[in-house]
Amino acid sequence: MTKGTIMAADGPFYPRDRAWQPPALSPGYKSTTLRAPRQALLSLPQTASELTGPVFGHSMLGPLDNDLIRNYSQDGGEAIGQRLIVYGQVLDENARPVRGTLVEFWQANAGGRYRHRRETYVAALDPNFGGCGRAITDDEGYYSFRTVQPGAYPWPNGGNDWRPAHIHFSIFGHAFAQRLITQMYFEGDPMIWQCPIVGCVPDKQAIEQLVARLDRHNSVPMDALAYRFDIVLRGRRSTLFENRMEGN
């Protein structure tokens, strides 16, 4: 047992290392000046109604829910852009797969534009790309989906700040109140290290956990490149989640 490890009923629990989490107030990310709490945080236990239902099952998913290339097709065509397969495992802190987990994902199109009524970027919309989907992890904790490479886009943080290509993830537990949110970047993208949001994270290892690795072995020849992005729940090895900086 390592120092700082406590034993839970189902194995060791590794306390969250707060040192590698970004501070709530980060001047480089200007929105935090309004969002950062001004008083000490309180940890509130979840109620019974928050911890029960609904139960997510495969019956709630449509056949194209995990295919962003085709699931918003308006004219029988497919989304424009470099085709990708994104897959990975949802694991607990002891590398055990977490099965039956609802994973949602959303992203900008190949030009860097979201399909959102408040979107201000001038890049064109793709009529056959909605930018969102979902999947449920299998018995080994794996999820996968098809999509196109999202584009980078400018945002009004500084004079010339751009977000690197990324995909947002939402991971649900057994109820809607049990939700964790993170985002995935792409291996080799130099813009990751120029992003003010990424720059708020003080530990390089924590950032690298958000970077998906190119996997040529699982790519589809003449069709799509593959990227692997594993998500770790709880403890010292946990993936960085935007909505639960205090731990999950």
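A search of the whole structure turns up ten aromatic pairs, where pairing asks for ring centres of Phe, Tyr or Trp (its six-membered ring) within 6.5 Å. Take Tyr29 and Trp155: the centres sit 5.7 Å apart and the planes meet at 75 degrees, so this pair goes down as edge-to-face (over 60 degrees, with under 30 counted as stacked and the rest as tilted). The two rings link distant parts of the chain, 126 residues apart. Tyr29 belongs to the loop between strand 2 (11-13) and helix 1 (32-35), and Trp155 to the loop between strand 7 (153-154) and strand 8 (162-163); helices (H or I, at least four residues) and strands (E, at least two) are DSSP runs numbered from the N terminus. Tyr29 is buried at 16% relative accessible area, and Trp155 is buried at 14% (buried is under 20%, exposed over 50%, partly exposed in between, with a 1.4 Å probe and protein chains only).

Phe186 and Tyr227 also pair edge-to-face, at 5.0 Å centre to centre and 90 degrees between planes. Phe186 is in strand 10 (residues 179-186) and Tyr227 in strand 12 (residues 225-228), so parts 41 residues apart in sequence get tied together. Phe186 comes out buried at 3%, and Tyr227 is buried at 8%.

Elsewhere, Phe105, Tyr143, Phe145, Phe169 and Phe229 make up one aromatic cluster. Lys204 lies over the face of Trp193, 5.7 Å from the ring centre (NZ of Lys or CZ of Arg within 6 Å of the centre and within 35 degrees of the ring normal).

The model is predicted, with local features needing pLDDT of at least 70 and side-chain atom pairs 80 or more, while totals for chains, interfaces and linings use all residues. Residues are numbered from 1 along each chain as its sequence is written, and side-chain values use heavy atoms, leaving out hydrogens and water.
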